[in-house]
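Please look at the structure shown below and follow this report through its charged pairs, one of its sheets and a pair of packed helices. The model is a predicted one.

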Amino acid sequence: MDADAERIDRIVTRAQQGDREAFHDLVVALQHEVRLFVASRAYSLELIEEILQATFVTAWERLGTYDARGSFLPWLKGIAKNRLREEIRARARFDAHSNDSLERVLDEAFVAQDAERSDDDDARRLMRCLERLAPRSREMIERHYGKGTGLNQLAQQFKQTRQAIASALHRIRRTVRACCDAAEEPA
Amino acid sequence: MSAYSFELLIQAWLDGTLDDEGESALLRLVRSDGALREEFLTQARANAQLASLLAFGDGAVSAKRVALLIRSRTESRSFRTSRSVIDRIDRGMTAPSRPFPLRRLALAATLLLLVVVAGLTLHGQGAEAKDRIAASTSGDLRVMRAGVAVQPEEGLRASDQVVAGSAGGSVSYADGTRVDLDAGSEASFDTVAAAKQVRLAHGRIHVSAAKQPPTAPMVIATDRAQATVVGTRFWLSSDAERTRLVVEDGVVRFSDASGTHDISHGAAVSSPPAGTPLRVMTWNVNGGYGGADLQAHAIIAIGADLIALQQVRSTAVIADYVSEIERVTESTWHLVYAAEESAGQACCIISRFAPTSTGARDIGKSSLGSHRAAARATVSVGGRTITFATAYLDWSEKETDSRTENLANYLGWMDDAPGARILTGGFRSYHDSPWVRRIETAYDDAWKVVSGSGLGPATKGGRIDYVFRSTAAAAELVPLRSWTVETDLSDHRALVTDFSVSPP
């Protein structure tokens, strides 16, 4: 058992005794990993947030069944996977009766994917793909997503038109996805 | 369309800045071209992953939302399965101050009303009885002057009593303002410093007012209230119990013992007895497609004490509503959540008051084959016990059996609810439908009580969302005002009703 897993299990033990602050610490510590895991299968931030929250609530409800053997994160991911599966079924029913929208296009793609496929490494691939980007592209992505810099500000900072920035972001996202989807991991 | 335009559309959509027209254009593109659809999905997926990787800081917001959900669930009652209901009964709370100090306003308004009414009376007595009113009469009207009938052709004078016969009649002013009196109505007319003044003794009048000078607004008074008019059309009625105002166009300032309110198009108001004010709202949020945070802000702006929401998408979304409402109002709110089996059809109650009991109930199948649910919360308001409930009935016009079953179960469940009852929800039924008639065997439509008519503003294509009050509680739970709130955050308007809760 590695040191991180051991530390997590110690916090889990406190949470299992009813310590909500301890569980709060678990959410803060692990939400990023779980979010990335969910993001490898979801198409919208709204869905990711929803599954993330549902995963932790279910984990709290079933905390007593977790056996502290250094596998809390995989256990959480298992719950997230089940919630994703349930959400795929629920959205399939909901979308059949909802008005057409771009969200529905995303839901259809989400519903159509293989619920059983394993993409545990997708987040790691994503990070490696980012590292492979040209420095200027990586800078643009980090400013846009990491710092929330909007199109107008990016246009000023990079001395380009809004349209050129939109196009650049578009190309970078396409490159990142193509890299993630590649059969072999990027070197 | 150029590739640039497509890319800009997608970027704007991802940034949340694309307007409805742009969204429709983008939807048409991705629906008509498979390659563009794939590109859109690629962009959306990469966006979600990049934002997840780079944008979410230390996760404190997520942790707070999870904590709220856990707190709610831990204190829940079971409904179908324990995970399908969040039923939060929290620790004691301090109610935030209402949007305006109603009690002080009520006192001030009462004094103001007394002064105005006294002023009108004194003016009538002190002024020359022969003061002519620049208005003519038509239709079936009798004019009484000092108890003696006079010919209407003589024209109106201050303090004349105008009584409408069975066909009703009209009083028309030179500026085009017209007052129509229903059969049996009685009113007197006056002009004070160029301001038109009408005193409605009883009955109902319809006012179509030309634009009035701001310094001399038209005032219509009853024993209990007064309406101040700048230029508008509305109905005003008065009987032994209450004064009602229904505004068709423009804005009318309505003052009564509870305070002064600007009543706008599509709203109705009724003068109240004294009591504790209670504001309730019901809103079909249609899955939260305007975004939970934006919808939460719209809810906060309404200032309701008891909030019923239908077609809530999920537990995560409802947590977003509550956490945002709590953040902005800086007070604790209480949640009762009832989930249908399938996503998007749940309903919930968010209460400013700590409930003394709560519940959720399966109310039968929907036309989609899953089950509908109802939620209720019993609270104490001004010492009165009130049970507030909500549900979303089956929508299908073809499968009305499900709606009938949903309603029967909802009403049956409410039979044993403690205290006075307020029934809200998406009933998917018009005011003269068999379902609403069934409800009205034991409940009163609050809009109808206030306005005197079943016809009223649409919540979606017609009146299909309602607030009902149990008929047995008519004396203790009095609807004063009812109105809809325009919004582009859902395809339904919110319906809001102000009640006066009489002291026990």
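## A salt bridge between two chains

In this predicted model, Glu39(B) and Arg174(A) form a salt bridge, with their closest N and O atoms 3.2 Å apart. Glu39(B) belongs to helix H3 of chain B, which covers residues 34–54, while Arg174(A) belongs to helix H9 of chain A, which covers residues 162–181, and so this pair joins two chains. Side chains of opposite charge can pair when their charged atoms come close.

Are the two partners buried or exposed? Glu39(B) has a relative accessibility of 15% and therefore counts as buried, since the cut-off is under 20%, whereas Arg174(A), at 38% relative accessibility, counts as partly exposed. A search of the whole structure finds 22 salt bridges over all chains.

## Salt bridges within chain B

Asp305(B) and Arg352(B) also meet through their side chains in a salt bridge, at 2.8 Å from N to O. This pair links distant parts of the chain, 47 residues apart: Asp305(B) sits in the loop between helix H6 (292–302) and strand E15 (306–312) of chain B, and Arg352(B) sits in the loop between strand E17 (346–351) and strand E18 (357–365) of chain B. Asp305(B) counts as buried at 2% relative accessibility, and Arg352(B) is buried as well, with a relative accessible area of 7%.

A further salt bridge is formed by the side chains of Asp416(B) and Arg376(B), at 3.3 Å from N to O. Because Asp416(B) lies in the loop between helix H8 (400–414) and strand E21 (420–426) of chain B, and Arg376(B) lies in strand E19 (residues 371–381) of chain B, the pair ties together parts that are 40 residues apart in sequence. Here Asp416(B) is exposed, with a relative accessible area of 55%, while Arg376(B) counts as buried at 13% relative accessibility. Elsewhere, Arg279(B), Arg481(B) and Asp498(B) are joined into one network by salt bridges that share partners.

## An open sheet in chain B

In what order do the strands of the open sheet in chain B stand? The sheet has 6 strands in the order E18-E19-E20-E21-E23-E22, and their pairing is mixed. E18 and strand E22 (443–445) of chain B stand at the edges, where each has a single partner strand, so that one side of each is left without a neighbour in the sheet. On average, neighbouring strands of this sheet are turned by 25 degrees against each other, with direction ignored.

At one of these edges, E22(B) is joined by 3 bridges to strand E23 (residues 465–470) of chain B, and the two run antiparallel. Tyr443(B) stands opposite Ser470(B) in E23(B). H8(B) packs on the sheet, where it touches E18, E19, strand E20 (384–392), E21 and E22 of chain B, and its direction makes about 155 degrees with that of E18(B).

## Two packed helices in chain A

Helix H2 (residues 20–39) and helix H3 (residues 45–61) of chain A pack at an angle of about 140 degrees, and their axes are 10 Å apart. This angle makes H2(A) oblique to H3(A), because the roughly antiparallel range holds angles over 145 degrees. The crossing in which H2(A) passes H3(A) is right-handed.

Which residues meet between these helices? Those in H2(A) include Phe23(A), Leu26(A), Val27(A), Leu30(A) and Val34(A), and those in H3(A) include Ile48(A), Leu52(A), Phe56(A) and Trp60(A). Arg20(A) and Arg35(A) of H2(A) are also among the contacting residues, as is Glu49(A) of H3(A).

Methods: Residues numbered from 1 in each chain as written. Chains lettered and ligands numbered in written order. Predicted model: local features only at pLDDT ≥ 70, side-chain atom pairs only at ≥ 80, totals over all residues. Heavy atoms only, no water. Salt bridge = Lys/Arg side-chain N within 4 Å of Asp/Glu carboxyl O. Helix = DSSP H or I, 4+ residues; strand = E, 2+ residues; numbered from the N terminus. Buried < 20%, exposed > 50% of the residue type's maximum accessible area, 1.4 Å probe, protein only. Pairing = 2+ DSSP bridges. Axes fitted to C-alpha atoms, helices over the stretch in contact; angles between N-to-C directions. Contact = heavy atoms within 4.5 Å. Parallel < 35°, antiparallel > 145°, perpendicular 65-115°, else oblique. Left-handed = near helix turned anticlockwise from the far one by under 90°.
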